[in-house]
Amino acid sequence: MTAEVCRVTPAAGSASPLVFDSPHSGMTWPADFRPIADRAAILTTWDAFVDDLCAGVPSAGGVLIAAAFPRAYVDVNRAESDIDPELIDGEWPEPLAPTGYTRRGMGLIRRFALPGVPMYDRRLSVADVRRRIETYYRPYRRAVGAAIEHAATAFGRVYHVNCHSMKSCGNAMNVDAGAPRPDIVVSDRRGTTADPALTRWAAAFFAGRGYTVRLNDPYQGGDLVRAFGDPARGRHSLQLELNRAIYMDEARVEPLERFHEVQGDLTAFALALRDRVTA
């Protein structure tokens, strides 16, 4: 695993059955990423500083995995088949299953940086897309999967928290276009990727810290929690969406003074989750 793909930070001290990952916090551009969208537009696709917000996870005995590459290059929170055939120069050799994300321009390979702002001025070759999948997408997913399996083997169960940021208001590419968003959304694909009691506990934890919280609205959970969550086997996957406005200036893409408070609350969440699942 190279630093070009992701950074894996192990537990500090005694390990616990926690694995956190931040799949969209990378902004190191691969050499073959040549978008026509300007950098300011691409920055709006970035889960800026989410890996830093989660920096306290190892102190709770958890593993923290953070992508180095941009989700605008390839989105590891989509299925491999979630590709827009109109983006491919040629015929994709496997069956495709585009979802609503792809139809809105945000599939495995992003079509738009912002509404009406195309990412590319060309179609991508089959070889180009395969290289993104084989060099970045699959190694990242393997890193998360390996950490989850290691914890599950050691503890008989694992608690995976998939961490993201969201714009403070949905845009035209989102299902909640124009709607203001809560501070935090906790998702479990409507009770299928984690014990619903755990999901409710997580929401109550953040509500108790003064945040406005919703469950599975407007985000139900992406492909990473779908792939790794299996409550019947003791593998619980939650998705956390953090409203960018609570910790950063969205226009300037800079942390606010409150950043460290939010970071401290996420560390407290990891510690409380460890205590809950190891009691």
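What span should the 13 residues of helix α5 have at 1.5 Å a residue, and how far apart are its end C-alpha atoms? In this predicted model, α5 covers residues 196-208 and should span 18 Å. The end C-alpha atoms of α5 are 18 Å apart, in agreement with that expectation.

Six residues of α5 are buried, namely Leu-198, Thr-199, Ala-202, Ala-203, Phe-205 and Phe-206. These residues lie on the same side of α5, because the arc that they cover around the axis is only 155°. Arg-200 and Gly-208 are exposed on the other side of the helix. The cover over the buried residues of α5 includes four strands and a helix: β8 (158-166), β9 (184-187), β10 (213-215), β11 (235-243) and α7 (259-278).

Both ends of α5 have a local feature of note. At the start of the helix, the backbone nitrogen of Ala-197 has a side-chain oxygen of Asp-195 within 2.9 Å. Gly-210, just after α5, adopts a positive phi of about 95°.

Positive phi values are also found at two residues that are not glycines. Arg-190, with a phi of about 55°, is located in the loop between β9 and α5. The relative accessibility of Arg-190 is 59%, so this residue counts as exposed, the cut-off being over 50%. Val-253 likewise has a phi of about 55°, and its place is the loop that runs between β12 (248-249) and β13 (254-255). At 17% relative accessibility, Val-253 counts as buried, because the value falls under 20%. A further backbone feature is the cis peptide bond from Asp-217 to Pro-218, for which omega is near 5°. Pro-218 belongs to the loop between β10 and α6 (223-228).

The protein as a whole contains 7 helices and 13 strands. Its radius of gyration is 18 Å, which agrees with the value near 19 Å that a compact globule of 279 residues would have. The C-alpha trace spans about 55 × 40 × 30 Å along its principal axes. Buried residues make up 55% of the 279 residues. Of the contacts between residues at least 6 apart in sequence, 78% join residues at least 24 apart. The exposed area of the protein is about 11,400 Å², and 52% of this area comes from carbon and sulfur atoms.

How values were computed. Residues numbered from 1 in each chain as written. Predicted model: local features only at pLDDT ≥ 70, side-chain atom pairs only at ≥ 80, totals over all residues. Heavy atoms only, no water. Expected span 1.5 Å × (residues − 1). Buried < 20%, exposed > 50% of the residue type's maximum accessible area, 1.4 Å probe, protein only. Arc of directions from axis to C-beta. Contact = heavy atoms within 4.5 Å. Polar contact = N/O pair within 3.5 Å; in protein donor to acceptor, adjacent residues only side chain to side chain. Rg over C-alpha atoms; globule rule 2.2 N^0.38 Å. Areas by Shrake-Rupley, 256 points an atom, 1.4 Å probe, with all protein chains shown as cover.
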